[in-house]
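Here's a quick briefing to read with the model open beside you. It goes topic by topic, so feel free to jump around.

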Amino acid sequence: MIYSIVAIGDPVLKTKAKNLPTDLPAAELQQLIADMFETMYYAHGVGLAAPQIGKGVRLFVMDSGPMVEVDEEDREEDEVLEEPVKRAFLNPVMVSETGEEWGFEEGCLSIPGVRELVHRHADIVLRYEDENRQVHEEAFSGMAARIIQHEYDHLEGILFTDKLSGFKKQLLKGKLARISKGDVKHDYRMRFAADGKRR
């Protein structure tokens with residue numbers, strides 16, 4: 001099942017998500033994860049958090065593959081390529097964010113047509129449950145760490161635009177307001193809070 005992506009302006013995107021209940025039936029959980037992956041791929045995303053489909057629970061999925069693919073011609077002989085990470089993260093807790101911050105132009109499925117430079121830590125340690133509810137504590141770096149930080153922010157009610165300077169926010173204010181009302185081009189299903197319609 002492909003969900004509609006919730007656009008900026010919906011309160012669910014600014015609300016801290018709650019832990020997934022321990023008594024959630026396994027089949028229901030597996031279906032939700034499968035649907036989130038399907039929705040993410042349909043929208044050509046590399047990450048998707050549950051609040052972005054209107055569910056205020058601590059769950060996100062990601063597949064960093066498209067972001068870490070490098071042309072063989074552009075690759076240095078001794079360059080170590082980053083391994084892609086495709087995974088579901090349940091009830092994640094950020095243990096640490098370290099390393100030098102680096103900038104990258106980020107976008108978000110909930111804010112189509114907007115890309116801005118965001119600085120994030122190079123290395124993180126995340127504690128989370130996998131889709132079988134087994135607990136892990138794992139280190140990530142590079143693009144995988146960036147995507148995780150972006151999706152984790154969604155669970156905290158934070159959008160990447162919240163991390164921009166006051167001046168940049170002011171410049172984007174009108175555009176973000178138009179997006180929230182549905183005045184934006186998009187090539188995947190979306191839901192806009194202004195009128196409650198799916199398009």
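**Backbone oddities**

Let's start with a residue tucked inside: Asn91 counts as buried because its relative accessibility is 12%. Keep in mind that this is a predicted model. From there, we'll go through the unusual phi angles, the sheet, the helices packed on it and the aromatic rings.

- Asn91 isn't a glycine, yet it has a positive phi of about 45 degrees, and it sits in strand β4 (residues 86–98).
- Arg133 is another non-glycine with a positive phi, this one about 70 degrees. You'll find Arg133 in the loop between β7 (123–129) and β8 (135–141).
- With a relative accessible area of 22%, Arg133 is partly exposed; the cut-off for buried is under 20%.
- Two glycines turn up just after helices: Gly157 follows α3 with a positive phi of about 80 degrees, and Gly182 follows α4 with one of about 95 degrees.

**The sheet**

- Five strands make up an open, antiparallel sheet, and their order is β2-β3-β4-β7-β8.
- At the edges are β2 (47–49) and β8, each of which pairs on one side only.
- Ignoring direction, neighbouring strands in this sheet are turned by 40 degrees against each other on average.
- Strand β3 (residues 59–63) runs antiparallel to β4, and five bridges join the two. If you want one bridge to look for, Asp63 has Lys86 in β4 as its partner.

**Helices on the sheet**

- Helix α1 (residues 26–42) lies across β2, β3 and β4, and it runs at about 45 degrees to β3.
- α3 lies across β2, β3, β4, β7 and β8, running at about 155 degrees to β3.
- Helix α3 covers residues 142–155, so to speak a 14-residue stretch, and it reaches 21 Å between its first and last C-alpha, close to the expected 20 Å.
- α3 is mostly covered, with 13 of its 14 residues buried.

**Helix α4 and its kink**

- Helix α4 (residues 166–180) has 15 residues and should span 21 Å at 1.5 Å a residue; its end C-alpha atoms are 20 Å apart, which agrees.
- Even so, α4 has a kink of about 45 degrees, centred on Leu172.
- Leu172 is also one of the buried residues in α4, along with Leu176, Ile179 and Ser180.
- Part of what covers the buried residues of α4 is β6 (116–120).

**Aromatic rings**

- There are five aromatic pairs in the structure. One of them is Phe60 with Phe89, a stacked pair at 4.8 Å centre to centre with 20 degrees between the planes.
- Because Phe60 is in strand β3 and Phe89 in strand β4, this pair ties together parts 29 residues apart in sequence.
- Both rings belong to buried residues: Phe60 has a relative accessible area of 0%, and Phe89 is at 0% relative accessibility too.
- Phe89 also pairs with Phe140: the ring centres are 5.9 Å apart and the planes are at 70 degrees, so this one is edge-to-face. It links distant parts of the chain, with Phe89 in strand β4 and Phe140 in strand β8, 51 residues apart.
- Phe140 is buried, at a relative accessible area of 6%.
- Add Tyr128 and you have a cluster: ring pairs link Phe60, Phe89, Tyr128 and Phe140.

Conventions. Residues are numbered from 1 along each chain as its sequence is written. This is a predicted model: local features need pLDDT of at least 70, side-chain atom pairs count only at pLDDT 80 or more; totals for chains, interfaces and linings use all residues. Side-chain values use heavy atoms; hydrogens and water are left out. Helices (H or I, at least four residues) and strands (E, at least two) are DSSP runs, numbered from the N terminus. The expected span of a helix is 1.5 Å times one less than its number of residues. Buried means under 20% relative accessible area, exposed over 50%, partly exposed in between (1.4 Å probe, protein chains only). Two strands pair if DSSP finds at least two bridges between them. Axes are lines fitted to C-alpha atoms, for helices over the stretch in contact, and angles run from 0 to 180 degrees between N-to-C directions. Contact means heavy atoms within 4.5 Å. The bend at a residue is the angle between axes fitted to the seven residues ending there and the seven starting there. Rings of Phe, Tyr and Trp (its six-membered ring) pair if their centres lie within 6.5 Å; planes under 30 degrees apart count as stacked, over 60 as edge-to-face and the rest as tilted.
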